[in-house]
Amino acid sequence: MKTIELLNKLLAELTLAERNVHILHWNVMGKQFKMIHEYFQEIYENLYDKIDEVAELVRIHGELPKGNLSEALEIATIEEIESMNNFNHIESIGLALQDIEVLVDLTNELFEASEKDKLYDVNDVMGSHLGDYGKFKYFLESFNDNNKEIEDTVDTLLEDKNLNKDIEK
């Protein structure tokens, strides 16, 4: 059933997003530190709860959740961020937004699939998730009035990460 497959994918994406936002919470520096630090805590705690909720939905529908880290890394499109880096407020907001946008897109897909599969309990939970992700996105974008600067900074970070991968090979 497509819905269960997508729930396992969401579980993987949530696992990576939670870990990334938790790292950003620890390593954010600069402007608005306290406010961003505290907001990241609110986000990662919410994502942690969603991990459990999604895994339980998989179980309710008779399957086993793919819940270990190696499975998450294999399935997820969200990439791990470096834990040994400091991130300025623009970088941290951009990276968190990028992960939230992945969650929004996948949750929309799951919302539609669960409707088609007549899994209305899943549909109801996904609707709730979308409300939370929308709020996260709105608040994160509100921290910085120049979203183009956030996008450019994230693009540069990703290019640097890909260059480093190429050098390691």
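Start by selecting helix 4, residues 89–116, and helix 5, residues 120–143: they pack at an angle of about 160 degrees with axes 9 Å apart. Here an axis is a line fitted to C-alpha atoms, for helices over the stretch in contact, and angles run from 0 to 180 degrees between N-to-C directions. Helices (H or I, at least four residues) and strands (E, at least two) are DSSP runs, numbered from the N terminus. So helix 4 and helix 5 are roughly antiparallel to each other; that word is for angles over 145 degrees, while under 35 is roughly parallel, 65 to 115 roughly perpendicular, and the rest oblique.

Look at the same pair again and you'll find a left-handed crossing of helix 4 and helix 5. Left-handed means the near helix is turned anticlockwise from the far one by less than a right angle, and right-handed means clockwise. The contact of helix 4 with helix 5 has 16 nonpolar, 6 polar and 4 charged residues. Ala, Val, Leu, Ile, Met, Phe, Trp, Tyr, Cys and Pro count as nonpolar, Asp, Glu, Lys and Arg as charged, and the others, Gly among them, as polar.

A word on what's on your screen: this is a predicted model, where local features need pLDDT of at least 70 and side-chain atom pairs count only at pLDDT 80 or more, but totals for chains, interfaces and linings use all residues. Residues are numbered from 1 along each chain as its sequence is written, and side-chain values use heavy atoms, with hydrogens and water left out.

Next, click on K118, in the loop between helix 4 and helix 5. K118 has a positive phi of about 60 degrees, although it is not a glycine. Most residues other than glycine have a negative phi. Is K118 buried or exposed? K118 counts as exposed, at 58% relative accessibility (exposed is over 50% relative accessible area, buried under 20%, partly exposed in between, with a 1.4 Å probe and protein chains only).

Now go back into helix 4 and pick D99. D99 is buried, with a relative accessible area of 7%. Which side chain does D99 join in a polar contact? Show N20: the polar contact between the side chains of D99 and N20 is 2.9 Å. (A polar contact is a pair of N or O atoms within 3.5 Å; within protein, one must be able to donate a hydrogen and the other to accept it, and residues adjacent in sequence count only if both atoms are side-chain atoms.) Leaving out residues up to four places away in sequence, D99 touches A17, N20 and I78, where contact means heavy atoms within 4.5 Å.

Keep helix 4 on and add helix 2, residues 33–60: these two pack at an angle of about 20 degrees, axes 12 Å apart. That makes helix 2 roughly parallel to helix 4. To see the meeting point, show I36, F40, I43 and L47 in helix 2 with H89, S92, I93, A96, I100 and L103 in helix 4. This contact divides into 8 nonpolar, 2 polar and no charged residues.

Swap helix 4 for helix 1, residues 2–27, which packs against helix 2 at about 160 degrees, with axes 8 Å apart. Helix 1 passes helix 2 in a left-handed crossing.

Finally, zoom out. The chain has 6 helices and 2 strands, and buried residues make up 43% of its 169 residues.
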